[in-house]
Amino acid sequence: MAAAGRFGQPTLEQVAARAGVGRGTVSRVINHSPGVRDATRHAVEQAIAELGYIPNHAARALAGSRTDAVTLVVPETEKRFFTEPYFSEIIHGVGVGLADTELQLLLTLVRTERERTRFLQYAKARRIDGVLLVSVHRDDPLPDQLLEMGMPTVLGGRRTEAEPVPYVDSDNVGGARLAVRHLAAAGRRRIATITGGSDMYVAQCRLRGYEEAARDACEDFDPSWIAAGDFTEESGRHAMRELLRQNPGLDAVFAASDVMAAGALHTLRAAGRRVPDDVAVIGFDDSPLAQHTDPQLTTVRQPVEEMGSAMARVLIDRMADPVAAPTNVVLRTELVRRGTA
């Protein structure tokens, strides 16, 4: 038998060795996470009983240092938070991921420098055990500050290709390529795009995928086919007006979100353009909104609820073993065909 840990207490590693599994699996069993086979769960529970192991969360609770609460941080305004379906889907997914644990989920909006400072003080006081952070912008220092203080943190999306904080993301480049290639296969040759905010890596990736596919499919590709948005419906309306003004002959638009695509549809209707006859439109996200536009929106589906659940699972593992190598997850995207393209 392996030697006992400090003060004679068995360690997580000893439980893993006795059960013949990895320490991450032990942490999932301890935290009642889904996705563990019954036989594996039984082996871990038996090893815990045989060794007399006290799970880490119980030891921390006895020491008064565990809150059994994690927070979802959204660095956006109330208006965007309550109007964009993405956030409600993420919350639902996180809730599913935490359902079989004792962890409570808190929600925090960080809209200003003052609120960020206040949240950091809250986190430093260890009033929470972990952080889920979504809608991250390129220059947001919060993920690094949480990393420096040793707070288990998982991002929904990432700030750069070399993101040092564990994250769960979608294949945004590949999804944008799917959209443009679908439009090109349907005979569209003047394919424009409405981008998200340039300070967000997700928007940069969707633009990259668009450009790669559009330059390949459209012989007379023109940079004026790219119009800037910021993921809001109003920006979609405005960008669509600019695209029509500069390129009245365009025959397709890929919008980097369903919300912006809905704004583009409004502008096209006001301009007397038929969708999809005159101009085809594709969005991104496959949010509930996509089924309520007229016509219903063809879009690229990213599994937002699955992203939320995966974020919760990665955070649970991170809380059990904060010094383990970062776990990053990238989920596939797919085209959902409806009436606009």
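**Two open sheets and the helices on them**

Reader: In which order do the strands of the open sheet with parallel pairing stand?
Author: In this predicted model, six strands form an open sheet whose pairing is parallel. Helices (H or I, at least four residues) and strands (E, at least two) are DSSP runs, numbered from the N terminus, and two strands pair if DSSP finds at least two bridges between them. The order of this sheet is 2-1-3-4-5-11.

Reader: Which strands are the edge strands of that sheet?
Author: An edge strand pairs on one side only. The edge strands here are strand 2 (104–109) and strand 11 (329–331).

Reader: By how much are neighbouring strands of this sheet turned against each other on average?
Author: Axes are lines fitted to C-alpha atoms, for helices over the stretch in contact, and angles run from 0 to 180 degrees between N-to-C directions. For this average, direction is ignored, and the value is 20°.

Reader: How is this model to be read, and of what kind is it?
Author: Residues are numbered from 1 along each chain as its sequence is written, and side-chain values use heavy atoms, with hydrogens and water left out. Local features need pLDDT of at least 70, side-chain atom pairs count only at pLDDT 80 or more, and totals for chains, interfaces and linings use all residues, this being a predicted model.

Reader: Which residue of strand 2 is the bridge partner of Leu-72?
Author: Strand 1 (residues 69–74) pairs with strand 2 in the parallel sense, over six bridges. The bridge partner of Leu-72 in strand 2 is Leu-107.

Reader: Which helices pack on this sheet?
Author: One of them touches strand 1, strand 2 and strand 3 (130–134), and its direction makes about 155° with that of strand 2; this is helix 7 (residues 113–124). Another touches strand 1, strand 3, strand 4 (153–156), strand 5 (167–170) and strand 11, at about 150° to the direction of strand 3. Contact means heavy atoms within 4.5 Å. The helices are thus helix 7 and helix 13 (residues 304–320).

Reader: Which strands are at the edges of the open sheet with mixed pairing?
Author: This open sheet has six strands in the order 7-6-8-9-10-12. Each edge strand pairs on one side only, and the two are strand 7 (226–228) and strand 12 (334–336).

Reader: Which residue of strand 7 is the bridge partner of Thr-193?
Author: Strand 6 (residues 191–195) and strand 7 run parallel and are joined by three bridges. In strand 7, Thr-193 has as its bridge partner Ile-226.

Reader: What angle does helix 10 make with strand 6?
Author: Helix 10 (residues 201–217) packs on the sheet and touches strand 6, strand 7, strand 8 (252–255) and strand 9 (280–285). Its direction makes with that of strand 6 an angle of about 170°.

Reader: At what angle to strand 9 does helix 12 run?
Author: Helix 12 (residues 258–270) lies across strand 6, strand 8, strand 9 and strand 10 (298–301). Its angle to strand 9 is about 160°.

Reader: Are Glu-163 and Arg-159 buried or exposed?
Author: Their side chains meet in a salt bridge, with N to O at 2.6 Å. A salt bridge is a side-chain nitrogen of Lys or Arg within 4 Å of a carboxyl oxygen of Asp or Glu. Buried means under 20% relative accessible area, exposed over 50%, and partly exposed in between (1.4 Å probe, protein chains only). Glu-163 and Arg-159 are both buried.

Reader: How many residues apart are Arg-177 and Glu-212?
Author: Arg-177 forms a salt bridge with Glu-212, and the closest N and O atoms are 2.8 Å apart. The pair links distant parts of the chain, Arg-177 being in helix 9 (residues 172–185) and Glu-212 in helix 10, and the separation is 35 residues.

Reader: Why does Arg-177 count as partly exposed?
Author: Its salt-bridge partner Glu-212 is partly exposed, with a relative accessible area of 38%. Arg-177 counts as partly exposed because its relative accessibility is 25%.

Reader: How many disulfides are there?
Author: A disulfide is a pair of cysteine sulfur atoms within 2.5 Å. Cys-205 is buried at a relative accessible area of 5%, and Cys-218 is buried at 2%. By the distance rule, the count of disulfides is zero.

Reader: What share of the residues in the protein chain is buried?
Author: The protein chain has 13 helices and twelve strands, and its C-alpha atoms fill a box of roughly 75 × 45 × 30 Å along the principal axes. Of its 341 residues, the buried share is 52%.
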